[in-house]
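User: Could you go through this structure with me and explain, for each term, what earns it its name?

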Amino acid sequence: MDFAASFALVLPELVLTGTGLALLLVAAWGGDKAARQIAIAAAAALFVAGILIVPGLHFGTDGPATLAFGGLLKVDSYALFAKALIYLSAIAALMIAPPFFASPSAGTERGMRAEYPVLVLFAAVGMSLMVSANDFMSLYLGLELNSLSAYVLAAILRRDTRSGEAGLKYFVLGALASGILLYGMSLLYGFTGGTAFAAVRAGLTGEMGTGALFGVIFVLSGLAFKISAVPFHMWTPDVYEGAPTPVTAFFATAPKVAAVALTARVVFEVFGGQVTAWQQIVMFMALASIIFGALGAIGQENLKRLLAYSSINNIGFILLGLAVANADGASAMLVYLFIYVAMSIGCFVALLMLRDEEGNLYETFTDIRGLSVTQPAIAWALLIFMFSLAGIPPLLGFYAKFVVFQATIEAGLVAFGAIAIAASVIGAFYYIKFVKVMFFDEPVGVVTGKSEASHWTLLGLTALIISPLGYLLTPSLADLADKAAASLFLAV
Amino acid sequence: MLIQAIAFYFFATIVVASAVMVVMARNPVHSVLWLILAFFNAAGLMVLLGAEFIAMLLVIVYVGAVAVLFLFVVMMLDIDFAAMRAGFSRNAPLGLLIAAVLLAELLLGVGAYNAGGLTLGTPDGTATQAADVSNIEALGALLYGRYIILFEIAGIILLVAMIGAIVLTFQPPKPGARARQDVGKQIRRRPEDATVMKNPEIGQGIEL
């Protein structure tokens, strides 16, 4: 094993880990006063790590040269695509955090905790490892590194009981899911005699025994929890509502990307020889997520809960691309992921901007009545995001749904595509309700405060990507997604 | 062979006996001490099997950390052990049932393995034996060679766990209210600052 080459392949992770450790020392000596500088340094490290993966992403890398540490990790185009999304989401989570923690709604006396950026960095390292895992052991360790940081992030507002409840719920259910996943992995190990993806795949050829089938189901269930797909979604609304809003924005983007990318890699590279076994499971989860996500959101009064159901709904569409089980479907899934991340960041930034002059945050439907009069810019941005989430042309959300449906129909899964389209019409109800409340109701005028420049920047940027101008991105986005999906199918 | 057999029965008897004493001892601190004895003898059994690494783990992890943790719990938490034991005879059938189920599972597993047809480990059922290396060396070579990256990630995970515990529990001192030790102040303090001698009349109180 060539250690120099291996370490060169994981250079972005090394940069992030090293910066995380150094910033931890700064946090220990500087205290919470240094939190903002630490956040800037952490965002810079994520940016550097992002720059490091650009050449590989642009030219495409696959084959044996991408295997690090004797095949424990695989840094191919697919992993790099997911990493780029993860780093971008993490930077956004760092950018939006300081104003939130300084607001009276957060209930902290001294603003942001200095450990927040450090934990985000370590979570990013964990997610990077997840998406480049090529062995069940590296998969599990990456997943745990990410989850453990996430539990702490959810509970980071100690004085807020909702935050504590969110952290505890996430921790208990997450530990249960990890246990299920681990049990599935040990079953697969027992019946195939290996933990490396290639070894398990080689052991899963031909008729699959009951034990191995249980292993497949348990692994998929554990992963479904991490991406909050129905029927393992029950934690999502509670955790999203209770966690501090920047943390919720982080949960809705980066860990989702990582877990979806991981699931796709596992089903194609490990269970690739048993498509009939996993396809029906993933298809069920996809349709159930789309339907339950759409139905559950109706009647929600809290906007964060509503966005939680919306994310369940979107995960359904992403899984629909996965359930197609070919390179087109995988590519459509990646395109959808990118657009979903942009929409989610935009929505949550807009939520964070709903504040009054003292900086108190508002997060229910009653508070945004008539927002178009008091805060027209935020209202119009939210209109773009909501119409895009509903999949209304000419916004970019329409393109995301379009590529997924196209892949579904071309693979001959017309009936499933039809169900998904019908459910997305139900989903449109609450997205449009958002717009109706903002534009046609009597203004209540509680949202009067000014927002920070970092929020405006992110809001403008995401709105620009989602607007019809975003279609200029689609050729290069489709190209990158195709390359990434192709490297996923090299092993098949 | 004879010495091995004697050693085995010696260790095994003590393990079983001290395990019984863990349950029977009236004083919970004694229970934990019996548990430590059981761990030590189990480590002896592992050495007999040639698994010296597991023997060391038993002593270091179980005796060194887990048992001490138990002792802390027993001694520092206010647990009413008498109340916990009150339902012993009532719950005994349930306990026996669970024990019987566990025993049956164990027998079933061993029986199924002996009957053949089950392969564990590598697909052909043979785990490769490292030649001429002690298993500590073999494990070390894997852990610090092939799996070094996983080992390092595990270290980071433990670090994150520690950060998490501190972030969620640490109460920073309030500004102004100093609860910290000031060594200089302690040394400067003289007996006459802190103590007074009084010689009160019998039957009279004193005023301080």
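User: What makes the crossing of H12(A) and H14(A) right-handed or left-handed?

Analyst: In this predicted model, H12(A) passes H14(A) in a right-handed crossing; a crossing has that name if the near helix is turned clockwise from the far one by less than a right angle, and is left-handed if anticlockwise. Helices here are DSSP runs of H or I with at least four residues, and strands are runs of E with at least two, numbered from the N terminus.

User: Why are H12(A) and H14(A) called roughly parallel?

Analyst: The axes of H12 (residues 245-270) and H14 (residues 303-323) of chain A come within 11 Å and cross at roughly 15°, the axes being lines fitted to C-alpha atoms over the stretch in contact, with angles from 0 to 180 degrees between N-to-C directions. Angles under 35 degrees count as roughly parallel, over 145 as roughly antiparallel, 65 to 115 as roughly perpendicular and the rest as oblique, and the two helices are therefore roughly parallel to each other.

User: Which residues of H14(A) make the contact with H12(A)?

Analyst: With contact meaning heavy atoms within 4.5 Å, H14(A) contributes Lys304(A), Ser311(A), Ile315(A), Ile318(A) and Leu322(A), which meet residues of H12(A) including Val260(A) and Phe268(A).

User: How do you know that Arg265(A) and Asp76(A) form a salt bridge?

Analyst: The rule asks for a side-chain nitrogen of Lys or Arg within 4 Å of a carboxyl oxygen of Asp or Glu, and the N to O distance in this pair is 2.9 Å, which means that the rule is met. Arg265(A) lies in helix H12 and Asp76(A) in the loop between strand E2 (73-74) and helix H4 (77-95) of chain A, 189 residues apart. Both residues are buried, that is, under 20% relative accessible area, where over 50% is exposed and in between is partly exposed (1.4 Å probe, protein chains only).

User: What makes Lys304(A) and Glu363(A) a pair that ties together parts of the chain?

Analyst: Lys304(A) forms a salt bridge with Glu363(A), the closest N and O atoms being 3.9 Å apart. Lys304(A) is in helix H14 and Glu363(A) in the loop between helix H15 (327-352) and helix H16 (371-374) of chain A, so the pair joins parts 59 residues apart in sequence. Both belong to one network of salt bridges that share partners, with Arg162(A) and Asp238(A) among the other members.

User: How are the residues numbered, and which atoms count?

Analyst: Residues are numbered from 1 along each chain as its sequence is written, and chains are lettered from A in the order in which they are written. Side-chain values use heavy atoms, without hydrogens and water, and side-chain atom pairs count only at pLDDT 80 or more.

Key:
Predicted model: local features only at pLDDT ≥ 70, side-chain atom pairs only at ≥ 80, totals over all residues.
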